[in-house]
Amino acid sequence: MRIDVVSIFPSYFDGLTLSLLGKARDSGILDLTVRDLRDWTHDRHRTVDDTPYGGGAGMVMKPEPWGAALDELAHSGEPGDTRPTIIFPSPAGEVFTQATARDLATRDHLIFGCGRYEGIDERVFEYAADLGEVRLISLGDYVLNGGEVAVMAMVEAIGRLIPGVVGNPESLVEESHEDGLLEYPSYTKPSVWRDREVPPILLSGNHRAIADWRREQQLERTRRRRPDLLDD
Ligand code: ADE
């Protein structure tokens with residue numbers, strides 16, 4: 001899978017050289033490139049923002065650098081080129097869930113455009129729709145200073161679903177949200193730690209009973225912490 005990230009703070013993404021995603025990049029499973037939006041400016045100050053038409057607080061990202069960036073990244077020039085999925089993180093977008101991650105993990109080419117300030121000139125979204133499928137996606141109902149942290153989270157959630165990125169695919173199955181429930185509690189040695197015992201059933205060797213217990217724990221936790229997940 002190819003992922004391009006455009007940001008005015010590319011060093012935010014240095015963390016993506018670490019751990020499983022770093023390995024996936026090294027092995028070529030994940031072709032991830034982070035680009036500086038200012039590389040598509042042409043003035044001495046490498047300007048990416050300007051005052052909003054109609055007035056109001058803050059600055060708006062200018063359309064020209066975004067247009068040039070999208071033109072370059074959307075057309076790879078390679079034969080068999082497919083239209084990319086172009087994602088703009090935004091608190092005004094659809095909420096990102098495990099289902100979103102699963103869907104996006106099937107795409108050939110993702111482009112993430114990180115907005116800052118009061119956002120990006122609206123015409124950029126219209127223009128991007130000519131080049132690919134545009135999605136505005138929110139990490140949750142709170143406001144960040146820009147899209148970078150949201151894109152870090154999305155790239156990690158999507159990247160780990162690409163076949164070969166997580167060594168043991170079974171570990172993807174038994175996780176919170178994969179089956180619509182929260183994950184069951186886990187324990188390791190020692191069996192007694194600071195007077196706290198591991199639930200005896202886990203030491204019983206009865207795999208059927210352990211599976212039933214874990215399911216019950218998933219349901220109980222989900223009811224208590226996230227009843228909204230059980231609504232439908
Ligand atoms: N940019 C600012 N806030 C955001 C959020 N909650 N999700 C995605 N991008 C954002």
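This is a guided tour of one chain, stop by stop, for use with the structure open in a viewer.

The model is predicted: local features need pLDDT of at least 70, side-chain atom pairs count only at pLDDT 80 or more, and totals for chains, interfaces and linings use all residues. Residues are numbered from 1 along each chain as its sequence is written, and side-chain values use heavy atoms, with hydrogens and water left out.

**Whole chain**

Start with the full C-alpha trace, which spans about 70 × 45 × 35 Å along its principal axes. The chain holds seven helices and nine strands; these are DSSP runs numbered from the N terminus, helices being H or I with at least four residues and strands E with at least two. Of the 232 residues, 38% count as buried (under 20% relative accessible area; exposed is over 50%, partly exposed in between; 1.4 Å probe, protein chains only).

**The sheet**

Next, select the five strands that form an open, parallel sheet in the order 2-1-6-5-7. Two strands are taken to pair if DSSP finds at least two bridges between them. The edges are strand 2 (31-36) and strand 7 (133-138), each pairing on one side only. From one strand to the next the twist averages 25°.

Now show strand 5 (residues 85-95) with strand 7: seven bridges join this parallel pair. Which residue of strand 7 is the bridge partner of glutamate 94? The partner is isoleucine 137.

**Helices on the sheet**

Add helix 4 (residues 123-131), which packs on the sheet and touches strand 5 and strand 7. Its direction makes about 140° with that of strand 5. Axes here are lines fitted to C-alpha atoms, for helices over the stretch in contact, and angles run from 0 to 180 degrees between N-to-C directions. Then add helix 5 (residues 148-159). Helix 5 lies across strand 1 (2-7), strand 5, strand 6 (109-113) and strand 7, and runs at about 160° to strand 6.

**Isoleucine 87**

Select isoleucine 87, in strand 5. Is this residue buried or exposed? Isoleucine 87 counts as buried because its relative accessibility is 0%. Not counting residues up to four places away in sequence, isoleucine 87 touches Leu104, Leu110, Ile111, Phe112, Gly113, Arg135, Ile137 and Met154; contact means heavy atoms within 4.5 Å.

**Two neighbours in helix 5**

Glutamate 148 is in helix 5 and is buried, with a relative accessible area of 0%. Leaving aside neighbours within four places in sequence, its contacts include Ser7, Phe9, Tyr12, Cys114 and Arg116.

Valine 149, also placed in helix 5, is partly exposed at 42% relative accessibility. Select Val149 together with Phe9, Tyr12, Tyr142 and Leu144 to see a nonpolar surface patch of about 440 Å².

**Backbone exceptions**

Most residues other than glycine have a negative phi, and most peptide bonds are trans. Three places are worth selecting with this in mind.

- Serine 19, in helix 1 (residues 19-27), has a positive phi near 60°. Serine 19 is exposed, at 59% relative accessibility.
- Aspartate 195, in the loop between strand 8 and strand 9 (196-197), has a positive phi near 70°. Its relative accessible area is 77%, so aspartate 195 is exposed.
- Lysine 189 and proline 190 are joined by a cis peptide bond with omega of about 5°. Proline 190 is in the loop between helix 6 (170-173) and strand 8 (192-193).

Notes: Patches are made of residues with over 30% relative accessible area and no salt bridge: like charges are joined within 9 Å, nonpolar side chains (Val, Leu, Ile, Met, Phe, Trp, Tyr) within 5 Å. Accessible areas come from the Shrake-Rupley method with a 1.4 Å probe; for residues, only the protein chains shown count as cover. A salt bridge is a side-chain nitrogen of Lys or Arg within 4 Å of a carboxyl oxygen of Asp or Glu.
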